Amino acid sequence: MGTRAALGLGLGFTRNKDNKMIGLLQRYPLPVIVLAQLFGTSLWFSINGVWLSLAGELGLAESDLGRLTLSVQAGFIVGTLALAVTGLADRFGASRIFLVSSVLGALANAGFVLVAGVFPVDSLLRFATGLCLAGIYPLGMKLVIAWTPKHAGAALAWLVGMLTLGTALPHLMRGATLGLPWEWPLLAASVLALAGGLLVFLLGDGPHLPKAKGGLPITQGLAALRIPRFRAVAGGYFGHMWELYAFWTLVPLLIARELNRLGQGEALVPWLSFAVIGIGAAGCIGGGRLSRTRGSEWVARRALVASGALCLLYPWLNGLSPILLIALLMIWGIAVVADSPQFSALAAATAPKETVGSSLAVMNAVGFGLTLPAIWITSGLWSPWSVWVALLLLPGPVFGLLSLGRGKAPA
């Protein structure tokens, strides 16, 4: 057999293997997307997962934790707004945007290792990481809708569940590498993000959304805000977001307080922080199952009521057993995020179909904008107020419930 013929057979064999792999991925698109989302969003709270050891080594304070977390949130907001007002989320393939964002986000996250504690460079790299996350999370939602349009609430529940686990994953990695350099979990998160981007790229774009044509006007991404029902759903989401990320930022501090009361050291902080945040994935998935029979709005309302009640009650219970308070944090971890995928499903069902990506990007941008003051206020007041800062999260669920009440679903 000639060299060219052998080479042709070899290339054909490789191509067939690739086609079989892609075909396998496309048979199970939802698991592929949610796994990629888990890997990609591990970049989000990668700093928070290693905070105690990082702060101890570099002499950083809780205010620095707030600064770096706010930098990620600000980057995400700028990124989602850019996607929305330019229409990029609907003009280019979602899988390609996801891949590029994952690669650049992994590089920015890894670069932080070299400049940690060097202000403002460390903040700029966290900002860049948030900018890249704007091409991962909203585009992941679009991919879910494009591949599995039926039962969007349940499908998006898996996606947000993976976002929740991705947020918690750095705490788990820190717990597993306790005693080792804090840089290791950060670099591991970057490797996972690269793997997630590759998975989505191989999967490709889904068949159930029309491709928008070029030359979208700058206002097209904002079109959904003219729909009263969309505004009501978005308002519910905004209230939810005021509470969610501030709570996640406070979790290690709340856990450390209860462990200190038990006379325990810091070794259990990352493990319990992972448990409190990560159990929210069960809330998302359970809420998704309920949405099939009860509806997305039913789930969202009850999650807001439950988390709002905990915002109000938790500080007044601060003298109870630390074990009981950690158990309450676990319940809070379930309730605080269970409504998130249902708001996305409601918004996707209400927005114009040809601009779903841009509409979700707008809603995300405004929602994450509200996380900035919430995180800044609660992290800044943690030292003097301790657990009482939880009361400052209460306006979020209250506003969310009021907004949903103003926009009843059509009969």
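Me: Why does E258 count as buried in this model?
Reply: E258 has 0% relative accessibility, and buried means under 20%, so E258 counts as buried. Do keep in mind that this is a predicted model.

Me: What makes R261 partly exposed?
Reply: The relative accessibility of R261 is 35%. Partly exposed covers the range between under 20% and over 50%, so R261 counts as partly exposed.

Me: How do you know that R261 forms a salt bridge with E258?
Reply: Their closest N and O atoms are 2.7 Å apart. The rule asks for a side-chain nitrogen of Lys or Arg within 4 Å of a carboxyl oxygen of Asp or Glu, so R261 and E258 qualify as a salt bridge. Both residues lie in helix α12, three residues apart, which is about one turn of the helix.

Me: What makes E258 and R257 a salt bridge?
Reply: Here the N to O distance is 2.4 Å, and the cut-off is within 4 Å, so the side chains of E258 and R257 meet in a salt bridge. Both E258 and R257 are buried.

Me: Why can such side chains pair at all?
Reply: Side chains of opposite charge can pair when their charged atoms come close.

Me: Why are E297 and R301 said to be about one helical turn apart?
Reply: They are four residues apart in helix α15, which spans residues 296-313, and so about one helical turn separates them. Their side chains also meet in a salt bridge, at 2.9 Å from N to O.

Me: Is E297 buried or exposed?
Reply: E297 has 13% relative accessibility; buried means under 20%, so E297 counts as buried.

Me: How many salt bridges are there by this rule?
Reply: The count comes to seven. D64, R67 and D122 are linked in a network of salt bridges.

Me: Which helix gives the most to the largest nonpolar core?
Reply: First, the core itself: the largest one has 96 residues, and W44, Y245, F247, W248, W332 and F368 have the most contacts inside it. Helix α12, residues 228-261, gives the most to this core, with 17 residues. Apart from it lies another core of 13 residues, with V50, W51, W182 and L186 among them.

Me: Which residues does F247 touch, beyond those up to four places away in sequence?
Reply: F247 touches V276, L329, W332, G333, V336 and L393.

Me: How many helices and strands does the chain have?
Reply: You will find 19 helices and zero strands. Of the 411 residues of the chain, 56% count as buried.

How values were computed:
Residues are numbered from 1 along each chain as its sequence is written. This is a predicted model: local features need pLDDT of at least 70, side-chain atom pairs count only at pLDDT 80 or more; totals for chains, interfaces and linings use all residues. Side-chain values use heavy atoms; hydrogens and water are left out. A nonpolar core is a set of buried Ala, Val, Leu, Ile, Met, Phe, Trp, Tyr and Cys residues joined through side-chain atoms within 4.5 Å. Buried means under 20% relative accessible area, exposed over 50%, partly exposed in between (1.4 Å probe, protein chains only). Helices (H or I, at least four residues) and strands (E, at least two) are DSSP runs, numbered from the N terminus. Contact means heavy atoms within 4.5 Å.
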